[in-house]
Amino acid sequence: NRLKLSFMERARFAKNKVAERIFQIMATKNTTLCVAADLTKTTDILNLAEEVGPHICLFKTHIDIVEDFHPNFLKHLQDIAQTHNFILFEDKKFADIGKTVQLQYSESIYKISSWASLVTAHSLTGKGVLDAIRESEGLKERGVFLLAETSAASSLIDGNYTQATVKLALQYTDLISGIVCQSPLFVDQPGLIQLTPGVQLDSIGDTLSQQYNTPEHVVLERGADIAVVGRGITKSADPALAAQKYKELLWNAYKKRIV
Ligand code: 6AU
């Protein structure tokens, strides 16, 4: 049961290289926090990365919301990631046929495959998406988080879709780092990581169907390994302090879970 094992113990079960690295980072930095850097200006994103860097394992971007994108920006972001030992994660949510996904992953001004060790993908169009990511040019070590459930209220995803997504993930364990979901779907797979968004302390949701749970709740009741926190940190007056607080709450919940 993965919920009872430490990240150090789980590292050796990981078949995906990036997942193995994530386990090691979590275990050495004592953090399971992924910050969602949903900001539109490059300087704001870089400042956030510097501020929260010591407290996170993953830095999640939506590169296509950036207004003043420039390839130099990625160089700076990579330097910060290296300094603070966190992984760059582009939340692209690929959902097209394989050939189109391949172009979206490796081409355009963003060249995602050249800098993002991690990306998200929907399972909607099936295995072609994963074949496309696996076969593209880019970083040698890459990982995918597959979306099996969402944090959105009234999502169209049902139990069958969720189960079929987990099944697909298990056929691509060399490529899949983990699954994005809201419940403990794969407790018998210690090598896979559960990533759970929709985490905030001061709010239960927004006006656009986002739903929030607390750090303790997602770790202890819903099986989250890594929690994604966006506005809970980015809208805070002191993002570094907020990140530290989320990190500690998440880590304490994890310690409580594995005893
Ligand atoms: O904490 P928030 O609400 O400010 O930001 C949540 C972040 C956003 C969403 O794109 C993302 O988490 N997200 C995701 C993924 C894959 O990360 C899945 C999901 O079900 N819900 C969700 O909010 O960047």
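Two strands count as paired if DSSP finds at least two bridges between them. With that in mind, meet this predicted model, in which eight strands close into a barrel with parallel pairing. Helices (H or I, at least four residues) and strands (E, at least two) are DSSP runs, numbered from the N terminus.

**Overall build**
- The protein's secondary structure comes to 10 helices and eight strands.
- A compact globule of 259 residues would have a radius of gyration near 18 Å, and the protein's 17 Å agrees with that. This radius is taken over C-alpha atoms, and the globule rule is 2.2 Å times the number of residues to the power 0.38.

**The barrel**
- Going round, the strand order is β1-β2-β3-β4-β5-β6-β7-β8.
- Neighbouring strands are turned by 25 degrees against each other on average, direction ignored. Axes are lines fitted to C-alpha atoms, for helices over the stretch in contact, and angles run from 0 to 180 degrees between N-to-C directions.
- Strands β6 (residues 176-180) and β7 (residues 193-196) run parallel and are joined by three bridges.
- V180 has L195 in β7 as its bridge partner.

**Helices on the sheet**
- Helix α2 (residues 17-29) packs on the sheet, and β3 (87-94) is among the strands it touches; contact means heavy atoms within 4.5 Å.
- The direction of α2 makes about 130 degrees with that of β3.
- Helix α10 (residues 239-258) also packs on the sheet, where it touches β1 (33-36) and β8.

**Around the ligand**
- Of the 15 residues around the ligand, D38, K60, S151, Y212 and R231 come nearest; a residue counts if one of its heavy atoms lies within 4 Å.
- Polar side-chain atoms of K93 and Q210 lie 3.3 Å and 2.8 Å, respectively, from an oxygen atom of the ligand.

**Reading the model**
- Residues are numbered from 1 along each chain as its sequence is written, and side-chain values use heavy atoms, leaving out hydrogens and water.
- Local features need pLDDT of at least 70 and side-chain atom pairs count only at pLDDT 80 or more, while totals for chains, interfaces and linings use all residues.

Technical notes. A polar contact is a pair of N or O atoms within 3.5 Å; within protein, one must be able to donate a hydrogen and the other to accept it, and residues adjacent in sequence count only if both atoms are side-chain atoms.
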